[in-house]
Amino acid sequence: MEAIRSLVQNLIVIIILAMLLEMFLPAGEMRKYVKMVMGLLIIVAVVQAVGELVRWDYRDEIPPLTEKNNEAELSGIMAAASRITGNQEQKALEQYKSGLSKQVRALVHLHKETPVLEVDVKVQSGRNEPDYGQLKEIILFVAGETSSGKESEGAVKEGVEPVTVQIGSTIETDEHIENRDSPAGAAEADLISMVANFYNLSTEQVKIIYR
Amino acid sequence: MDVIQIVVIGLIATVLIVVVKTQRPELALLLSVAAGIILFLLVLGKIGSIIDIVRDLADRAGIGSIYLGTILKIIGIAYIAEFGAQICRDAGEGAVATKIEFASKILIMVLAVPIVVAVLDALLKLVP
């Protein structure tokens, strides 16, 4: 509607302009030549104004015949854009994880009693998940073993088969033994608690693995 | 009153030309040219305001200034050629007057070429 209104306005102004210019024309032999050129100018103005309206109609109402080619090109561009976006997000996630593990390492170095060798951080990497990018788990790789050979809650042995000691009818494994009263167990629990509290995680989400 | 001034100048020039023409026809021609120049200079200032209005209208209609400039040039060429040709006819040189008109027609056509190309472009763009 706006385009039609603009077209009518333009046509009115063009007609008035044509009348005004016609008044300037000389009366003699040259009149018809000047009038012809002026007519051409009016045709240009009118055709341009109508052309804009026609192009507006095509875009809004009728899909053009060459739409398929455009769609194919567009889908290729969109696929490339999606791939680039995925790669960029993956890189950003890796960078975020790396930065976070460095931060955790700096934090656990404050805890002198437990030497931490490496830190692994797991974050939510599903793009469609609502908690995308959120911290899921922190795994601390600790050197050696505790002096008592026992672990606190969340501590797991790596590369060592669980040892089963059978005395009578009682079965015990190293992993399930908790001894919070021993100094080493208390230190690990303290470390887990510190990291968990710092990142607002539950203590189950922070693990210690011995190497 | 500008119009009275213009009419008086025109009448005086006419009387002088009629009087002089019998004795000195060459002076009559010079008088005619001088009267034409004086009359043109009198209205020259007012032509500027009219052209400004035309330019404003063309802007509103979305007509490019290059097209309007071409039209104004063509009108100017037509007027100058017409004046020249009339003076030549008054002097009894109809052949020269015809040549002036021919030359001005060629110049007008040369100036019209960009407008003709624009018409063709606009019409071809309409075809899907």
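So, the buried area: chain B and chain A bury about 2,800 Å² between them, and 85% of that is on carbon and sulfur atoms. Keep in mind that this is a predicted model. In terms of residues, chain B puts 31 into the contact and chain A puts in 28.

What about salt bridges between chain B and chain A? The count there is zero. For polar contacts, we get one residue pair between the two chains, with both residues at pLDDT 80 or more.

Okay, which parts of chain B are doing the touching? Three helices of chain B each supply at least two residues to the side that touches chain A: H2, running 25-61, H3, running 65-90, and H4, running 94-126. The largest share comes from H4(B), with 13 residues. And if you sort the residues on that side of chain B by type, you get 25 nonpolar, two polar and four charged.

Let me stay with helix H4 of chain B for a moment, and pick out one residue that lies in it, B:Thr98. Is B:Thr98 buried, exposed or partly exposed? Its relative accessibility is 43%, so B:Thr98 counts as partly exposed, since that class sits between the 20% and 50% cut-offs.

Now look at what B:Thr98 does locally. Its side chain reaches the backbone oxygen of B:Gly94, at 2.8 Å. Then there's B:Ala85, which is 13 residues away from B:Thr98 along the chain, and the C-alpha atoms of those two are separated by 7.0 Å.

That's B:Thr98, and that's what I had on the contact.

Definitions and conventions:
Residues numbered from 1 in each chain as written. Chains lettered and ligands numbered in written order. Predicted model: local features only at pLDDT ≥ 70, side-chain atom pairs only at ≥ 80, totals over all residues. Heavy atoms only, no water. Contact = heavy atoms within 4.5 Å. Buried area = accessible area lost by both parts, 1.4 Å probe. Salt bridge = Lys/Arg side-chain N within 4 Å of Asp/Glu carboxyl O. Polar contact = N/O pair within 3.5 Å; in protein donor to acceptor, adjacent residues only side chain to side chain. Helix = DSSP H or I, 4+ residues; strand = E, 2+ residues; numbered from the N terminus. Nonpolar A, V, L, I, M, F, W, Y, C, P; charged D, E, K, R; others polar. Buried < 20%, exposed > 50% of the residue type's maximum accessible area, 1.4 Å probe, protein only.
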